[in-house]
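Could you walk me through this structure in my viewer? I am new to this and would like to know what to select next and what I will find there.

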Amino acid sequence: MLSQQKTAVLSPHLRRLEAEAISILRETVASFRNPVLLYSIGKDSSVVLHLALKAFAPGRLPFPLLHIATGWDFREMLEFRDRRAAEIGARLIVHTNPDGLARGINPITHGSQVHMSVMGTEALKQALDMHGFDAAIGGARRDEEKARAKERVFSHRAPGHVWEPRGQRPELWGLYNTRIGPGETMRVFPLSNWTEFDVWDYIAAERIPVVPLYFAAPRPILRRGGALIMRDDERMPLEPGEQPETMWVRFRTMGDWPLTGAHESRAQTIEQVLEELRLSRVSERHGRLIDNDQEASMERKKREGYF
Amino acid sequence: MDGTSMSRGLLRVLTCGSVDDGKSTLIGRLLYDSQLIMEDTLAAIARDSRKHGTLGEEVDLALLVDGLEAERQQGITIDVAYRFFTTPRRSFIVADCPGHEQYTRNMATGASNSELAIILVDARKGLLTQTRRHSYICSLLGIRHVVLAVNKIDLVHFDQQVFDRIVGEYATFAAGLGFHSMVPIPTSGRFGDNVTRRSGNTPWYRGPTLLEHLESVEVEEDLARIPFRFPVQWVNRPNQDFRGFSGTVASGAVALGESVVVAGSGVTSHVARILGPDGDQERATAGEAVTLCLADEVDVARGDVLAPVSDRPAVADQFAAHLLWMDEEPMLPGRQYLMRIGNAWTTASVTAIKHRVDVSTLDHQSATRLALNEIGLCNLATATRVAMDPYAQNRLTGAFILVDRFTNRTAGCGMIAFPLRRATNIHHEHFLVDKAARAAALGQKPMVLWFTGLSGSGKSTVAKLVEQALHQSGRHTYSLDGDNLRHGLNRDLGFTDQDRVENIRRVGEVAKLMVDAGLIVLCSFISPFRAERQMVREMLAEGEFIEIFVDTPIEVCMRRDVKGLYAKAMRGEIANFTGVSSPYEPPEAAELVLDGAGPSAEALAQQVLALVDRRQSAG
């Protein structure tokens, strides 16, 4: 997997980011009893997975992958997930909130907030508790959103997975304080200092496999409230007279399909995606329907235990 | 991010200044004028400006960087935020640091990871205590390049005299701070003067704009040129055939075949393999995350440091360091903290505060403790010997953090000034007659019965009864209490928190010697702090320390008030009286809890004796 052909030598900037991320991953394994990689199947967690394979070579991945499935993941994401986990021989844990499932929580009738809270945040907490994971590695970046800009690399969570902005520990010189008390956990973000460009640059240079949805293709699209929604199955009811139209689109972020807006694009290769990003004038999260719900929604979600 | 953008690599910048100097606005301006703000973000900011902004209909650029809800509502920055931007000439990571005094620790965090600092001064206010404090912290943390942004220059009518006066004052103050470059720039974050474009309002200013300077400044990165240091982070041992030491090269370089020494043990070997992110490589230099395989089977663990045989780090258990305190709970000499240096964790305590630094004047003051945000030059002692370099020589192997053992908060950070050589000259003598031999001669297991509780709880009364009974049954005992120690060994100590810590430390050392002599030692001390009781517990061997909490409600103690002390304390005649004007932290896991308000002292003594009997006859 690591010996695949590369198109370019990494820039010193990417080399530095790569080394930092590898060091953070090793620190996690050296300091915690039972770490896990939160694998959301997006480009960021694909990069973290790639870095982890490098960090622990020639050994195997020393932690399992955890995917929180909401029942509304793009089918292509699930196929990609299973294929990738099999390729690298990783242990894959898939968890769906059984209570939410029983109550039939879904984004169409309950709205994005309730759906993400029950099937996302609650499900994540359940899975972490059930397996006793004391450190959860994620692909979040500081450049994504303002509440993230202040996030620590090792982000401390009090019992109940509570994130307290004032309780976060200063991080000096990369001398991370990884000590936790009973019931406490840590979230770990190896890509903290990466930007969206860095991620794509690195994916391009390292030829990292990502979900095909990131590349443009003709897809069945509904226009809903200004967003282009790809109708991935029959559960989204059509309005009277409405028909999905086939459009050339791609996705900039991954999420639940009814909540993730596509944009019109012809970018079919990584290079074309990079070129499109260079010219883009809207931010990455623009396509996420959940973030625009309410002001400071990310901070609120984080406090509740969202990744 | 095309190929040419990296011509000057990455610059890590710190911004600091006081509340309302306009830091967030200046950074917002930098991002905005560099056209790095996405349209949807700008639309959101415009909407928020009407809600939280302070500028009416004008877009409040500070909202681009003030992220947390609490900050937006209060209009201040309360945490370090990291911003990323790239111009055609350079990429930047900007650590936006808070101005409030209570968040100085966050500023130190930003400084520890930065190469250049932008120090903001409000042109109307000139230099403030915070300006001096932040400059000193930048200097202490090894930042060698600063920009003095005299901001809000529009509000002083772009007056050159104001600018010159502030720059002159600052130059005088900063002369002793060791900056290699100090570039003053008159700026207006709100209107953009001299941020990314030269201002027509300051024709008298001929220097670069802020962005021009940031794009062109040379910050010497000399980590690769100093001696090789490799703190081992993780031992990679996937199978019998592979044993590698993973970590990031802190400084210098190493090549295949070169000799290295394990700094702590002095064992040498040479590098047989270097595995980088893309497989085998011949060399590894500062900043690279690699895995090294050595030619010999040597004992290496996480926390060890590999170094050149000819140029080793110091290995010591005592050293002098500048300590910056970051916790609400003050640093008390003698109290033990967890310490992380490189990848090694150990315990450490401050043995002496040589002086505290007044950061406004840089004067030295005497001090008995360090409170939040205070800085002092201290001597420290560690439980184990650790590899270190002076911070001035190596920022990565000369830095450490201290962690509170109970809350796990990062309580302080330190920069090593120099190792204390005397540490290496004191060797512990090994007598032929040891503790076991002495204990056997006395026919008992030595131990410490540690009675803790409020004044008047009945500690000493119970201890006396216990000692009498033990003595009658042929045990060899000794009692330590305030009466026989406060008047002699500890007569130089008062009742402040730091003196209480030292009092207990000495008691612990004396008790330890007596245990070594084979005795059963009864100690009756209020000993109000968990940390110090834990310290004594750890001085002794497993099972030798028996903590007995005489749990008597303060109302009962006050009613008894045998010595009339509570009455005096309530009248305010005794300062720092435990339970009245000084805290008591009850034990969380004492070996025995006695209900001091219930049964008679004789009944309580029987409970202690039963426990002692069990311990004496066990194993």
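Start by selecting Val550(B), which stands opposite Leu594(B) in strand β28(B). Val550(B) belongs to strand β27 (residues 545–551) of chain B, and this strand pairs with β28(B) in the parallel sense over four bridges. Two strands count as paired if DSSP finds at least two bridges between them, while strands (E, at least two residues) and helices (H or I, at least four) are DSSP runs, numbered from the N terminus.

Before moving on, a word about what is on your screen: this is a predicted model, in which local features need pLDDT of at least 70 and side-chain atom pairs count only at pLDDT 80 or more, whereas totals for chains, interfaces and linings use all residues. Residues are numbered from 1 along each chain as its sequence is written, chains are lettered from A and ligands numbered from 1 in the order in which they are written, and side-chain values use heavy atoms, leaving out hydrogens and water.

Now show the whole sheet: it is open, has five strands with parallel pairing, and follows the order β25-β26-β24-β27-β28 in chain B. At its edges lie β25 (477–481) and β28 (592–595) of chain B, each pairing on one side only. From one strand to the next, the twist averages 20 degrees.

Add helix α15 (residues 601–617) of chain B, which packs on this sheet and touches β24 (447–452), β26 (520–524), β27 and β28 of chain B. Contact here means heavy atoms within 4.5 Å. The direction of α15(B) makes about 165 degrees with that of β28(B); such angles run from 0 to 180 degrees between N-to-C directions, with axes fitted to C-alpha atoms, for helices over the stretch in contact.

Next, go to chain A and select strand β1 (residues 35–38). Are its faces covered or not covered? Both are covered: Pro35(A) and Leu37(A) on one side, and Val36(A) and Leu38(A) on the other, are all buried (under 20% relative accessible area, with a 1.4 Å probe and protein chains only; exposed is over 50% and partly exposed in between). In a regular strand the side chains alternate between the two faces of the sheet.

Look at the neighbours of β1(A). Three bridges join β1(A) to the parallel strand β4 (residues 135–137) of chain A, where Val36(A) stands opposite Ala136(A). Strand β2 (residues 65–68) of chain A also pairs with β1(A) in the parallel sense, over two bridges, and here Leu38(A) has Leu66(A) as its bridge partner.

Finally, select Gly59(A), in the loop between α2 and β2 of chain A. Gly59(A) is buried, with a relative accessible area of 17%. Leaving aside residues up to four places away in sequence, Gly59(A) touches Asn236(B) and Pro238(B).
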